[in-house]
Amino acid sequence: MPHSTDLGIDLGTSNVLIYGRNRGIVFQEPTVIAKNRDNDRIIAIGEEAHRMLGRAPGSIDVYYPFKQTDISQSINFVGAMLLRFVIDTNGKHIINGPHVVMSVPAGLSDSDRRTLISALFESGARRTQIISRPIAAALGADLPIGEPYGEMIVDIGGAATDIAVLSQGRDILWKTENIGGDSFDQAIIKFLRRKHNMLVGEITAEEIKQRIGSAMPRRDRLYLDVTGRDLLTGLPKTLRVTSDEVREAMDEPLIALIQKIHETLAATPAELAADIFDSGIVLSGGGALLDGLADAVSMNLKIACRVADNPQECIARGCGLTMEKYSEYGKYLAASRKRR
Ligand SMILES: Nc1ncnc2c1ncn2[C@@H]1O[C@H](COP(=O)(O)OP(=O)(O)O)[C@@H](O)[C@H]1O
Ligand SMILES: [Mg+2]
C-alpha cells in the first residue's frame, strides 16, 4: 500500500533536498528547469535539466528559476517541479497526506508562497508550513538554539548566503546577502579570461572550484587540466590550472563574504557577541564545503569557526527534525510563521 511520510523540503536556489521523517535525506536534485520557449512546456527538471545547461538548442530555456531577477514569472514552473519531486519521493497519498515543512529562498512574495503551497497540496500534502532558513539550518546543524545564548549560523548557498544570530529560538539578526558559491564560480571565470584569455562555462568553473578550489593555501598543490575556448583564436584549448591560481581567483568574493560576517558580528548586541566568541561560528550550506573556508573565516575574524556535519543537508534536516521532534521543535514553526 502506498504510504506517505512527512517531508522536510529545502527549496534552495541551487538544489532541492527532501528529508523524509525517520528516513533522512531521500532526494537531492538541482533546482533547474528546461522548458520550451515557444509553448512554455516543461521538458525536463532537476538532474535531467541540469545536464542540458549550456548545451540545449536555442528553442529551449534551461535555467535556475530562483537565480532569475523576477522569481514570480517562473513560480508556476517551480510549483510543477515541486509537485513532481514530492510525488516521486513519496508516492501520491491515499488517506493521510504528508505534513510538509519547507524553507524557501528569499524574495518570494506571499502569492509566490501560495502558489508553492497549492502545488504541494495537489501533490497530496495535508498541511504545509514555512520555516525560516537560519532556524532550519541551525536545527539541522544540531545547535542548541533554544538556549538563552547567542549562536551564529552562516548558510552559504549557490546564489545567496544567510547570516544570522540566533538566541532562544529566534533570529536576533538575520541578513541575506547575494553572495554565495556562484560568486566563486564567477570569479574563476573572470580570472581565467583575464589571466589566460580562456573562456570557460559555469559548469566547468564550479567543477574547478569543487575539485581544486581552496580558501586557504594548501600543502599539497593540486592541478586540473581545463578545456575552454581560447579567446584569441576562438578555438578550444586545454590549460593546466593550479590550486594556487584558483585560490587567488576566489580571493575577492572570499574577502567580501568574510566582510559581511564581520558586519553582522559588529552589529550583534555585546552579550550575544561574547557568546558567539565562545561557541564559534557555524557554517552550513553547500558553499561551506569549499576547502579551508572555516579556517579562512576564523583566521580573518579571530573567532573559532567550524563547518556543520553534512552542511549541504542542514536545512532539509532541520525542516524534518521539527516534525520528528515536534514536542521540542514544533514551536519554531509557529514562531517562524509569525515572522512574515
Ligand atoms: N565540494 C564543494 N566545494 C565547494 N563548493 C561546493 C561543493 N559542493 C557544493 N558546493 C557549492 O555549494 C553551492 C550550492 O549549495 P546549496 O546549499 O545546495 O545551495 P542552495 O541552498 O542555494 O540551493 C554551489 O555554489 C556549489 O558549487
Ligand atoms: Mg542550501
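Ala, Val, Leu, Ile, Met, Phe, Trp, Tyr, Cys and Pro count as nonpolar, Asp, Glu, Lys and Arg as charged, and the others, Gly among them, as polar. On this division, the shell around ligand 1 in the predicted model holds 3 nonpolar, 13 polar and 3 charged residues. The shell comprises 19 residues, and the closest to the ligand are Gly12, Ser14, Gly157, Gly181 and Gly286. Helices H5 and H6 each supply at least two residues of this shell. The greatest contribution comes from H6, with 3 residues.

Helix H5 covers residues 181-196. With 16 residues at 1.5 Å a residue, H5 should span 22 Å, and this agrees with the 22 Å between its end C-alpha atoms. Gly181, one of the closest residues to ligand 1, is also among the buried residues of H5. The other buried residues of this helix are Asp182, Ser183, Phe184, Asp185, Ala187, Ile188, Ile189, Phe191 and Leu192. The cover over the buried residues includes three strands, S9 (151-156), S12 (198-199) and S13 (223-230), together with the helices H6 (202-212), H7 (243-249) and H8 (251-266). After H5 comes asparagine 197, which has a positive phi, near 50 degrees.

Strand S9, part of the cover of H5, also belongs to an open sheet of 5 strands. The order in this sheet is S11-S10-S9-S15-S16, and the pairing is mixed. Strands S11 (170-177) and S16 (305-307) stand at the edges with a single partner strand each, so one side of each has no neighbour in the sheet. From one strand to the next, the twist averages 20 degrees. Strand S10 (residues 161-167) runs antiparallel to S11, and 7 bridges join the two. Aspartate 162 has threonine 176 in S11 as its bridge partner.

A further open sheet consists of 3 strands in the order S5-S4-S6, paired antiparallel. Its edge strands are S5 (42-45) and S6 (60-63), each of which pairs on one side only. Neighbouring strands here are turned against each other by 15 degrees on average, direction ignored. Strand S4 (residues 33-36) pairs with S6 over 4 bridges in the antiparallel sense, and lysine 35 stands opposite aspartate 61 in S6. Helix H2 (residues 75-90) lies across S4 and S5 and runs at about 55 degrees to S5.

How values were computed
Residues are numbered from 1 along each chain as its sequence is written. Chains are lettered from A and ligands numbered from 1 in the order in which they are written. This is a predicted model: local features need pLDDT of at least 70, side-chain atom pairs count only at pLDDT 80 or more; totals for chains, interfaces and linings use all residues. The expected span of a helix is 1.5 Å times one less than its number of residues. A residue is buried if 20 or more other C-beta atoms lie within 10 Å of its own, exposed if 12 or fewer, and partly exposed in between; C-beta atoms are placed from the backbone. Two residues are in contact if their C-beta atoms, placed from the backbone, lie within 7 Å. A residue is near a molecule or strand if its C-beta atom, placed from the backbone, lies within 6 Å of it. Two strands pair if DSSP finds at least two bridges between them. Axes are lines fitted to C-alpha atoms, for helices over the stretch in contact, and angles run from 0 to 180 degrees between N-to-C directions.
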